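Okay, thanks for coming, everyone. I'll put the model up on the screen, and then we'll go through the pockets, the interface and the salt bridges.

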Amino acid sequence: MASAAARRQDINPVRKWLRWNEYTPTLVLFLFPTVLFMVVFVIWPIISSFQLSFYDWNGIDPTRKFIGLENWARLLNDNVFWRAFGNNLTVVVLSIAVQMPIGMALAILLERGGRRFNIFKTIYFFPLLMSSVAVGILFKYIYDPSFGAVNGLLKAIGLETLKRNWLSDPGIVLYSVIAVICWQYIPFYMILFLAALSGISEELRDAALIDGATDRQYYLKIAIPLIRGTVRTAVLLSLIGSLKYFDLIWVMTEGGPSNASELMATYMYKKAFPSFKMGYGSTVAMALFLIVMGIAVVSFYFSRRLETEV
Amino acid sequence: MTMRGILRNLALIIFAVAWLLIAGIPFYFMALTGLKERFELFSGGSVFAFPQAPTLANFEDILSSGTFFQFLFNSVLVVAVSVGLILLFSAMASYVFARLTFRLNRPLFMLIIAGLVIPLHVTLIPVYLFTRSIGLYDTLWALVGPYVAFNLPLSIFILTEFMRQIPREMEEAARIDGSTPIGTFFRIMLPLSRPGLATLAIYNAVILWNEFVFAFVLIITPKNRTLPLAIWQYQGEYAMNIPAIMAVLTLSALPLIVVYILGQERVTRGMMAGALK
């Protein structure tokens, strides 16, 4: 049998190229569901979005009007889109700048505290268990100018002058929302860093302490450099996540007031669904896609290079 | 303990308590306000004050209306079906990537992994149009396709790594005993992958339990909604009744918090599965 199969392989060049063997039918059968779902719900939609970006269509009419590059030209001059892009970059930068240090500090705290601090670890994790929608609605009321907790707290400690309309003041709304994003995701990075720190061997730590290293020196000079791979992962996750951000902003502000907290994803949704501009909505979606993929590729490349150089 | 040691411990504890307040106060505010009578907030007292007359009326209202359980049921159903399919399909694909060699193995794997960074918004319009054209629009089943597709890449990535660690001896033995590749998969690979599958089940269930965008775009009829959308809907209904909204939020957060407290280690590990190296 085996030799017959081998001979069959030899005579059919396609089979030979594919390395066809007794496992091939299983292989095809086992990959089929994954390939089917990925093609129907991911790959084809991307191609279709690209195609739609050349049309003017409300999503209902049987005919759609081909308008060439008009949508793309409009996008380049669309101040709201570029403002949303800028806001996305602000979210990226502030998320990384706030979440990484606090996440690391909490991880170190929990590691130093050991078992005694388990109750802290349990509660620190809570924000991650709530859906973004629930977190968004909760903070909408926490930020409420009259009945919310933030202004209530400021009043209680006598800092009434700092009271603000946290979500309706265009100057601060983006920062208010970023604070909530950080509140929700810091536990994620905390646990990630904690797991990495706990993975460092005891001997290394003991050796450092015997050599007279203080805790601070141990973490800054030994532990954090050792887990830089994890830090890199964290930064990349935060970067990609921030570029795609939607739920929480949508629930809290819908991008408002007057686009002050607009992100690429909320803008895409607004163009496509409430206003039924499937063509232009697809153009914004494609731009979001290209920007995310572009930044992902560049940052993967550079972070790998950095990784090998250090 | 030296003076310095005590001071250092004190500093650690102060920091720990400070973050405890930051992480915990929103939950305290949520649960406490849910226990308040509707107009108490408007009376001008501190928002942190304990309710003047703690009441469960808000919770009773929501639970007795029946719709809350409908949403809960919808969420459980769609999450269970989707997670089941994700686990089965990703285990099948991972078996291929981990064990069978073929010409397109590497490129296909890379293509699926690229799916990890794709923003789902780029698929929103076509998926919406497609769902409408096949008649699934506005049903719970419309969610299964996108839910499965968007969570397969990570699951495949993790399971492939997991299956590569499993020693080959048992499969070889099974093969010599005349087991077919499919038989080997079901009798040997699947049982041996159970820890990986458990982690992925938790990870995917949490992600989908909280999913918002697809549910928001693909479902209109209130009774077909999942829990995250239902919260959104209650918010409109009870716009001026903040305690009622806080009660809804508390109820919707409870299932996951209870599960977390019961199986903290497992849930934590599951939820961290998304952090790939």
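So, to start: which element gives the largest share of the lining of the second largest pocket? Have a look while I remind you that this is a predicted model.

Right, the answer is α9(A), which supplies six residues of that lining. The second largest pocket has a volume of about 650 Å³. In total, 23 residues line the second largest pocket, and the ones nearest its centre are A:Ala195, B:Thr268, B:Arg269, B:Met272 and B:Ala273. As for elements giving two or more residues, chain A brings α9 (173-198) and α12 (228-243), while chain B brings α6 (144-165), α9 (194-209) and α13 (264-271). If you sort the lining of the second largest pocket by class, you get twelve nonpolar, seven polar and four charged residues.

Now for the enclosed space. How many cavities of 30 Å³ or more does the rule count? Just one, with a volume of about 80 Å³. Chain A lines this cavity with A:Leu129, A:Met130, A:Ser131 and A:Ala134, and on the chain B side you'll find, among others, B:Trp209, B:Asn210, B:Pro228 and B:Ile231. Two helices of chain B, α11 (227-237) and α12 (242-262), each put at least two residues into the cavity lining. By class, the cavity lining splits into nine nonpolar and three polar residues, with no charged ones.

On to the interface. Here 92 residues of chain A are in contact with 90 residues of chain B. People often give the size of an interface as the accessible area lost when the parts come together. For chain A and chain B, the buried area is about 8500 Å², and carbon and sulfur atoms give 80% of it. On the chain A side, helix α3 (residues 24-52) makes the largest contribution, at 19 residues. Going by class, the side of chain A that touches chain B has 69 nonpolar, 13 polar and ten charged residues.

What about specific pairs? Between chain A and chain B, the rule finds eight residue pairs in polar contact, with both residues at pLDDT 80 or more. For salt bridges across that interface, the count is zero.

Over all chains, though, the structure holds six salt bridges. One to click on is A:Glu111 with A:Arg205, where the closest N and O atoms are 3.7 Å apart. A:Glu111 sits in helix α5 (residues 79-113) of chain A and A:Arg205 in helix α10 (residues 202-210) of chain A, so this pair ties together parts that lie 94 residues apart in sequence.

That's my tour. Happy to rotate the view for anyone who wants another look.

Terms used
Residues are numbered from 1 along each chain as its sequence is written. Chains are lettered from A and ligands numbered from 1 in the order in which they are written. This is a predicted model: local features need pLDDT of at least 70, side-chain atom pairs count only at pLDDT 80 or more; totals for chains, interfaces and linings use all residues. Side-chain values use heavy atoms; hydrogens and water are left out. Contact means heavy atoms within 4.5 Å. Buried area is the accessible area (1.4 Å probe) that two parts lose on being put together, summed over both. A salt bridge is a side-chain nitrogen of Lys or Arg within 4 Å of a carboxyl oxygen of Asp or Glu. A polar contact is a pair of N or O atoms within 3.5 Å; within protein, one must be able to donate a hydrogen and the other to accept it, and residues adjacent in sequence count only if both atoms are side-chain atoms. Helices (H or I, at least four residues) and strands (E, at least two) are DSSP runs, numbered from the N terminus. Ala, Val, Leu, Ile, Met, Phe, Trp, Tyr, Cys and Pro count as nonpolar, Asp, Glu, Lys and Arg as charged, and the others, Gly among them, as polar. On a 1 Å grid over the protein atoms alone, a cavity is a set of points where a 1.4 Å probe fits but cannot get out, and a pocket is an open set with protein on both sides within 12 Å along at least five of seven lines; lining residues have an atom within 4 Å of a point. Grid points are joined across faces, edges and corners, and a volume is the space filled by probe spheres set on the points.
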